[in-house]
Amino acid sequence: MPTNASHAAIWKIVRTIPHGRVASYGQVARLAGLPRHARMVGAVLGLAPAAMKLPWYRVINSQGRIALPPNSPGFREQRKRLRDEGVIVVKGKIDLKKFGWKAGNDSPLLD
DNA sequence: CACCTGACCACGC
DNA sequence: TGCGTGGCCAGGT
């Protein structure tokens, strides 16, 4: 079942995102070997069983913004979890220069 | 098989 | 900084 294989590949990459860092849907898709499948990443994260304890909240869009609707339960949870890891979130936005996973961020301070 | 949806993305203004 | 637009693609109906 190829669908499941994709899910596994995506989850595997997400598990790899370092503590205190964030990656975009498109980035995760590419690293998972699934170029142009950013949308699928979002859908797949929602399917992940809670027991898996996947750091889904470390995945945001290419503009450094939380993709969930502002003020929605999911949005607030993602924001809280990120802040608990030291990620600065202002109006649902995050500075990718500082917290983006292997992006233009020079300071590997946290990992 | 056609059509719609969406936790996306790049580009233009 | 903030929309609109077109493109993308798996899934569901």
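# Helix 3 and two DNA strands

Guide: In this predicted model, helix 3 (residues 38–47) has Val41, Val44 and Leu45 as its buried residues.

Visitor: How are those buried residues placed around the axis of helix 3?

Guide: They span an arc of only 105° around the axis, so they sit on the same side of helix 3.

Visitor: Is there some general reason for spacing like that? What does an α-helix do per turn?

Guide: An α-helix has 3.6 residues a turn, so residues three or four places apart point the same way.

Visitor: And which exposed residues are on the face turned away from the buried side?

Guide: Arg39, Gly46 and Leu47 are the exposed residues carried by that face of helix 3.

Visitor: What does Leu45 touch, ignoring sequence neighbours?

Guide: Beyond its neighbours within four places in sequence, leucine 45 contacts Val14, Tyr25, Leu54, Trp56 and Val59.

Visitor: How many residues are in the largest nonpolar core?

Guide: That core has 18 residues. Ile10, Val14, Ile17, Val28, Val41, Leu45 and Val59 have the most contacts inside it. At least two residues each come from helix 1, helix 2 and helix 3.

Visitor: Which helix gives the most to this core?

Guide: Helix 1 does, with four residues. Another core, of 10 residues, lies apart from the largest one, and includes Val22, Tyr57, Leu82 and Val87.

Visitor: Over to the DNA. Which residues surround strand B?

Guide: DNA strand B has Ser24, Tyr25, Gly26, Ala38, Arg39, Gly42, Gly46, Trp56, Asn61, Ser62, Ala67 and Leu68 around it. Of the strand B atoms that come within 4 Å of the protein, 43% are in sugar and phosphate.

Visitor: Which residues have N or O atoms at a phosphate oxygen of strand B?

Guide: Glycine 26 and serine 62 are two such residues. A backbone N or O atom of glycine 26 is 2.8 Å from a phosphate oxygen of DNA strand B. For serine 62, again with a backbone N or O atom, the distance to a phosphate oxygen is 2.7 Å.

Visitor: What about the bases? Where does arginine 39 come in?

Guide: A base nitrogen of DNA strand B is 2.6 Å from a polar side-chain atom of arginine 39. Arg39 is also one of the exposed residues on the face of helix 3 turned away from its buried side.

Visitor: Which elements give two or more residues to the surface near strand B?

Guide: Helix 2 (25–31) and helix 3. Helix 3 gives the most, with four residues.

Visitor: And by class, what does the surface near strand B look like?

Guide: Five residues are nonpolar, six are polar and one is charged.

Visitor: Gly42 was in that list. Where is it, and how accessible?

Guide: Glycine 42 is in helix 3. Its relative accessibility is 33%, so glycine 42 counts as partly exposed. From glycine 42 to asparagine 61 there are 19 residues in sequence and 9.6 Å in space, C-alpha to C-alpha.

Visitor: Now strand C. What surrounds it?

Guide: Thr3, Arg36, His37, Arg39, Met40 and Lys93 surround DNA strand C. By class, this surface has one nonpolar, two polar and three charged residues.

Visitor: How much of the strand C part within 4 Å of the protein is sugar or phosphate?

Guide: 79% of those atoms belong to sugar or phosphate, and the rest to bases. An N or O atom in the side chain of arginine 36 is 3.3 Å from a phosphate oxygen of DNA strand C. Lysine 93 has a polar side-chain atom 3.4 Å from a phosphate oxygen of that strand.

Visitor: What is the phi of arginine 36?

Guide: Positive, about 65°, although arginine 36 is not a glycine. Arginine 36 lies in the loop between helix 2 and helix 3. It is exposed, with a relative accessible area of 79%.

Visitor: And lysine 91, what phi does that have?

Guide: Near 55°, also a positive value in a residue other than glycine. Lysine 91 is in the loop between helix 4 (73–84) and helix 5 (96–99). At 74% relative accessibility, lysine 91 counts as exposed.

Visitor: Last one. Is serine 6 buried or exposed?

Guide: Serine 6 is buried, with a relative accessible area of 16%. Serine 6 belongs to helix 1 (residues 2–16). Not counting residues up to four places away in sequence, serine 6 touches Leu34 and Met40. Met40 is also one of the residues around DNA strand C.

How values were computed:
Residues are numbered from 1 along each chain as its sequence is written. Chains are lettered from A and ligands numbered from 1 in the order in which they are written. This is a predicted model: local features need pLDDT of at least 70, side-chain atom pairs count only at pLDDT 80 or more; totals for chains, interfaces and linings use all residues. Side-chain values use heavy atoms; hydrogens and water are left out. A residue is near a molecule or strand if one of its heavy atoms lies within 4 Å of it. A polar contact is a pair of N or O atoms within 3.5 Å; within protein, one must be able to donate a hydrogen and the other to accept it, and residues adjacent in sequence count only if both atoms are side-chain atoms. Ala, Val, Leu, Ile, Met, Phe, Trp, Tyr, Cys and Pro count as nonpolar, Asp, Glu, Lys and Arg as charged, and the others, Gly among them, as polar. Buried means under 20% relative accessible area, exposed over 50%, partly exposed in between (1.4 Å probe, protein chains only). Contact means heavy atoms within 4.5 Å. The arc is that of the directions from the helix axis to the C-beta atoms. A nonpolar core is a set of buried Ala, Val, Leu, Ile, Met, Phe, Trp, Tyr and Cys residues joined through side-chain atoms within 4.5 Å.
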